[in-house]
Amino acid sequence: MDRNKVLRPRGSSRSAAFSTREYLHCFVLCARYYFYLPRDTILNLKCCLGTNFCFILYALVGLYQGMSGGIMNVYPMQLGATEAQQTTIKALRALPASFKILYGFLSDSYPLFGYRRKIYMAIGWSLCTLSMGLLFVCPGDPSIPFLSLMYLLFGFGFWFADVMADTLVAEKAKLEPEGTQGTLQSTCYAYRFFFLMLGVIASTFLFEVVGPRNLFCFMALCPVLIILVPWIWLKEERNVPVSSVKAQCVEIWSTVSNRSVFQPMAFVYLYNALQVGNAAWTQFLSSTLEFSTEQINGILIAAEVLLFAGVISYKQIMRNWSWRLVYVMCIGLNLVFSMGQVLLILGLNKPIPDFAFAVGDEAVLDFISGVQFLPTTIMMVHLCPKGSEGVSYAMFTTMNNVALTLSSNMSTLLLGIWDVSKEALEEDRLGGMVKLTVLTTCIQTAGVFFLPLLPEFRSDLEKLKTGRSDFGGAVFLGIIGFTLVWAVIEGFLNIFFPGWSGES
C-alpha cells in the first residue's frame, strides 16, 4: 500500500487541511494497514463507520485499563497508604466488573432516547471523566478514602463502557462473511491489548516526569478527545423493538439450556478457575532475589508486550486452528515455563542472570494468556441470541471473570499450607516456595482433563445446538449466581476486613 495515498485525501493538495471525517477515515486506513485487517472484511460489514468506531473504542478501553493500573501500583504508596488500603483500592476498581450482566440486561431492556447502546456508553465514559477530573482538581494530595471513592466511580463507568463496547462487537461480528469469522473481534482485542501495553509503559515512565495530577487530567480528557466525534456519528438504529423483561428472561433460559452454551462455558469456567497462581511470587522476587521496584515494573512491561504478541499471534497464525489444539499447546507451554520458575527458586538458572530468567518466565506465561484469550471470546459471540447480545455476552464474560476471581482467591488460601512468609523468603528458606510452585503448576495443568467439553471448531459448536437440558441450564445459572455473590462478598471482605483469609 502506498502510504502517501493513505495519508492524503483524494482530490486534495498535500497542504490541504483535513476535515474531521477525512481524518477519521485516514486513521482507520492506517490502523488497518498496521493491524492487517482484511479490506474485504470491512467492505462486507454493515455500518462501516460503526465498525471503525469499535476499533477506536477498544483502543481507549485498553489505554484506560493500562494507565489506571500503572498509576494504582505506585500512587497509593506515595500517599502513605498501608498494604490493606492498597488492596482496598484495587478491590474497589475491580468490584463493578462483577455486575457486567446487569449492565447488559439494562441496555437490552431499557433504551434511553431510543438507543440501546449509545447513551449508556456515554454515561459510562462520563463517569470515568468525572472521577479522573475530580482527582485532578482536588486541592493538594487526595486522601485515601477520596481516592478509593474515585476509583470505585471510575470502575463503574469503565466496566459499563466496556460492556457496551463488547455488545457492539458482538452484534457486528455476526455480520462477517463465512471464512472470516473472528477477524473483527481479534482485531478489536489487538487494539485493546496494544494500547493497554502503551498505557502501562506510559504511566510507568510519566508518573515521575509529569506527576499523577497531570496523568489524571489526561485521562479525564481522553474520552472527549478520542471518541466524542465518532460517537456522535455512530449509526445505531433508534427505537428498535425491545422484548419485555419476561420475554428476555425466557430467551436467556432458552440460551443457557442449550448444550452449545452450557457445555463449552463449563470448560471456560473450570479452566479459568484452575488458573491458580503462586501468590507469593512477587514477594519472592523482592525479598529473596532483591529485585528493585524498577525491575519488577520492567517485568510487568515485558509481560504486557508479550500479552499483545500472543493476541497478534493468534490473530495472524492460529485463527483457523482447532480450539482444542490451541489450548493443548498453551497448557504444555505453561507447564514447561512454570516449572522453569522452580529452577529460578533453586538457583539452577545460571549462567542466565536472575532478572533475565524471571522476565522470560513471566513474559512467556503472559504470551500464553494472550493466545488462549481470543478463542473463547470468539466462541462467546456466536452463542449470543439476536436482540439479547448485551446481556448474553455480559453473562458469558461475567462467568469468565468470576472464575478468574475464584482462582485468585484460591491462590491466596494456598499461602497457608507452607511457610512462604516474607521472613522465610528473606532467610532463604525456600522449601515451601518450591512446593507451592509445583502445586499451583499441577492445578493449572489439570485443565487439560476438561478439554472434551470444548468444541474443536465453530462447526462443532453449531452441531451442539440440537441438544437441550434444563438441568444443565439450571447448573449454569446456579454457578453464575454463586460466583457473583461470592465476588461481592470477597470484595466486601477485602475492603473492610483485609487479611481475613489468613494470608501471610
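Hi everyone. Let me start with a definition: a residue is called buried under 20% relative accessible area, exposed over 50%, and partly exposed in between. Asp 419 has a relative accessible area of 39%, so this residue counts as partly exposed. Please keep in mind that we are looking at a predicted model.

Let me stay with Asp 419 and talk about charges. How many salt bridges does a search of the whole structure find? The search comes back with six. One of them joins Asp 419 to Arg 429, with 3.1 Å between the closest N and O atoms. This pair links distant parts of the chain: Asp 419 sits in the loop between α16 (389-413) and α17, while Arg 429 sits in the loop between α17 and α18, and the two are ten residues apart. Arg 429 is partly exposed too, since its relative accessible area is 39%. Arg 429 also has a second partner, Glu 427, and there the closest N and O atoms are 2.9 Å apart.

Why would such side chains find each other? Side chains of opposite charge can pair when their charged atoms come close.

While we are in this loop, have a look at Asp 428. This residue is found in the loop between α17 (422-426) and α18 (431-445). Asp 428 has a relative accessible area of 52%, so we call it exposed. Which residues form a negative surface patch with Asp 428? They are Glu 290, Glu 423 and Glu 426.

Next, helix α19, which covers residues 458-463. Lys 463 and Asp 460 both lie in this helix, three residues apart, or about one turn. They form a salt bridge whose closest N and O atoms are 3.8 Å apart. Is each partner buried or exposed? Lys 463 is exposed, because its relative accessible area is 59%. Asp 460 is partly exposed, at 24%.

There is also a network of salt bridges, linking Lys 100, Asp 162 and Arg 192. Lys 100 belongs to helix α6 and is among its buried residues. That helix, residues 100-109, is mostly covered, with seven of its ten residues buried. Besides Lys 100, the buried set includes Ile 101, Tyr 103 and Gly 104, and towards the other end Ser 107, Asp 108 and Ser 109.

Now for helix α7, residues 118-137. The helix has 20 residues and reaches 28 Å from its first C-alpha to its last, close to the 28 Å expected at 1.5 Å a residue. Its buried residues are a mixed group: among them are Lys 118 and Ser 131, but also Ile 119, Trp 125, Met 132 and Leu 135.

Finally, let me turn to the nonpolar side of things, with Leu 221. This residue is in helix α9, residues 183-233. Leu 221 has a relative accessible area of 41%, so it is partly exposed. Together with Val 224, Leu 225, Ile 226, Leu 228, Val 229 and Ile 232, Leu 221 makes a nonpolar surface patch of about 580 Å². How far apart are Leu 221 and Leu 130 in sequence and in space? They are 91 residues apart in sequence, and 9.8 Å apart in space, C-alpha to C-alpha.

That's my tour. Thanks for listening, and I'm happy to go back to any of these spots on the screen.

Note on methods: Residues numbered from 1 in each chain as written. Predicted model: local features only at pLDDT ≥ 70, side-chain atom pairs only at ≥ 80, totals over all residues. Heavy atoms only, no water. Helix = DSSP H or I, 4+ residues; strand = E, 2+ residues; numbered from the N terminus. Expected span 1.5 Å × (residues − 1). Buried < 20%, exposed > 50% of the residue type's maximum accessible area, 1.4 Å probe, protein only. Patch = residues over 30% accessible without salt bridge, like charges linked within 9 Å, V, L, I, M, F, W, Y side chains within 5 Å. Areas by Shrake-Rupley, 256 points an atom, 1.4 Å probe, with all protein chains shown as cover. Salt bridge = Lys/Arg side-chain N within 4 Å of Asp/Glu carboxyl O. Lys, Arg positive; Asp, Glu negative; His and termini not counted. Charge placed at Lys NZ, Arg CZ, Asp CG, Glu CD.
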